[in-house]
Amino acid sequence: VTVWSPQGRIHQIEYAMEAVKQGAATLGIKGKNHSVLVALKRASSDLSSHQKKIIPIDDHAGISIAGLTSDARILSRFMRTECLNHRYIYGSPLSISRLVSSVGDKAQTGTQIMGRRPYGVGLLVAGVDESGPHVYYICPSSN
């Protein structure tokens, strides 16, 4: 069940955005030939110190995360599967814009299906394809 605030916003998305705000800082830089990701690894305890903030997706793409690591693992596994399927079928790497679009579609369906919640993770997606380097941001509110 979706609960709306009096201002017209969805409460679950606001909670997911708070999870992203509580996460560690990440930075993406795009140059003429490269894109670079940097993440601050801020461990609140010794048990969470081993969690990775930068995750490789394919030979040409990677992500850095802020927010819930478990949600990031779900989305990174989806992204890897999309890249592998495209490489298997077409023999070429998936373009970064198409990868980001498919992740956005997957993340948006969580707000429409009853019993699901939005992913509480912000992703910086960096990669290089035939049109050059790219850095994209994916967040729960889709802004």
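What share of the contacts in the chain between residues at least 6 apart in sequence join residues at least 24 apart? The share is 58%. The legends below take the whole chain, then its core, then single residues.

**View 1. The whole chain of this predicted model.** The chain holds 3 helices and 6 strands. Read from the N terminus, the elements run α-β-β-β-β-α-α-β-β. The radius of gyration is 16 Å, and the globule rule gives 15 Å for 143 residues, so the chain is as compact as a globular protein of that length. The C-alpha trace spans about 45 × 35 × 25 Å along its principal axes. Of the 143 residues, 40% are buried.

**View 2. Surface and charge of the chain.** About 8,800 Å² of the chain is exposed. Carbon and sulfur atoms supply 55% of that area. The chain carries 16 positive and 10 negative charges. The mean positions of the two sets lie 4 Å apart.

**View 3. The largest nonpolar core, with 20 residues.** Within this core, the residues with the most contacts are I57, I63, M79, L123 and V125. Two or more core residues come from each of β3 (54-58), β4 (61-67), α2 (69-90), α3 (96-109) and β5 (121-129). Helix α3 gives the most, with 5 residues. In soluble globular proteins, nonpolar side chains tend to be buried together.

**View 4. The surroundings of I57, one of the core residues with the most contacts.** Neighbours within four places in sequence are left aside here. Beyond them, I57 is in contact with G62, I63, S76, M79, R80, C83 and L99. Two of these partners, I63 and M79, are also among the core residues with the most contacts.

**View 5. S64 in strand β4.** Is S64 buried or exposed? With a relative accessible area of 0%, S64 falls under the 20% cut-off, so this residue is buried. Leaving aside neighbours within four places in sequence, S64 is in contact with T26, L37, K53, I54, G122, L123 and L124. One of these partners, L123, is named among the core residues with the most contacts.

**View 6. G122 in strand β5.** The relative accessibility of G122 is 3%, so G122 counts as buried. Outside the four places on either side in sequence, G122 is in contact with V20, S64, I65, A66, Y137 and I138. The pairing with S64 thus appears from this end too. R77 lies 45 residues from G122 along the chain, and the C-alpha atoms of these two are separated by 15 Å.

**View 7. S70 in helix α2.** S70 counts as partly exposed, at 37% relative accessibility. Along the chain, S70 and Y119 are 49 residues apart. Their C-alpha atoms are separated by 9.3 Å.

**View 8. S131 in the loop between β5 and β6 (132-138).** Which class does S131 fall into at 54% relative accessibility? S131 counts as exposed, because the cut-off for that class is over 50%. S131 and S95 are 36 residues apart along the chain. The separation of their C-alpha atoms is 8.6 Å.

Note on methods
Residues numbered from 1 in each chain as written. Predicted model: local features only at pLDDT ≥ 70, side-chain atom pairs only at ≥ 80, totals over all residues. Heavy atoms only, no water. Helix = DSSP H or I, 4+ residues; strand = E, 2+ residues; numbered from the N terminus. Rg over C-alpha atoms; globule rule 2.2 N^0.38 Å. Buried < 20%, exposed > 50% of the residue type's maximum accessible area, 1.4 Å probe, protein only. Contact = heavy atoms within 4.5 Å. Areas by Shrake-Rupley, 256 points an atom, 1.4 Å probe, with all protein chains shown as cover. Lys, Arg positive; Asp, Glu negative; His and termini not counted. Charge placed at Lys NZ, Arg CZ, Asp CG, Glu CD. Core = buried A, V, L, I, M, F, W, Y, C linked by side-chain atoms within 4.5 Å.
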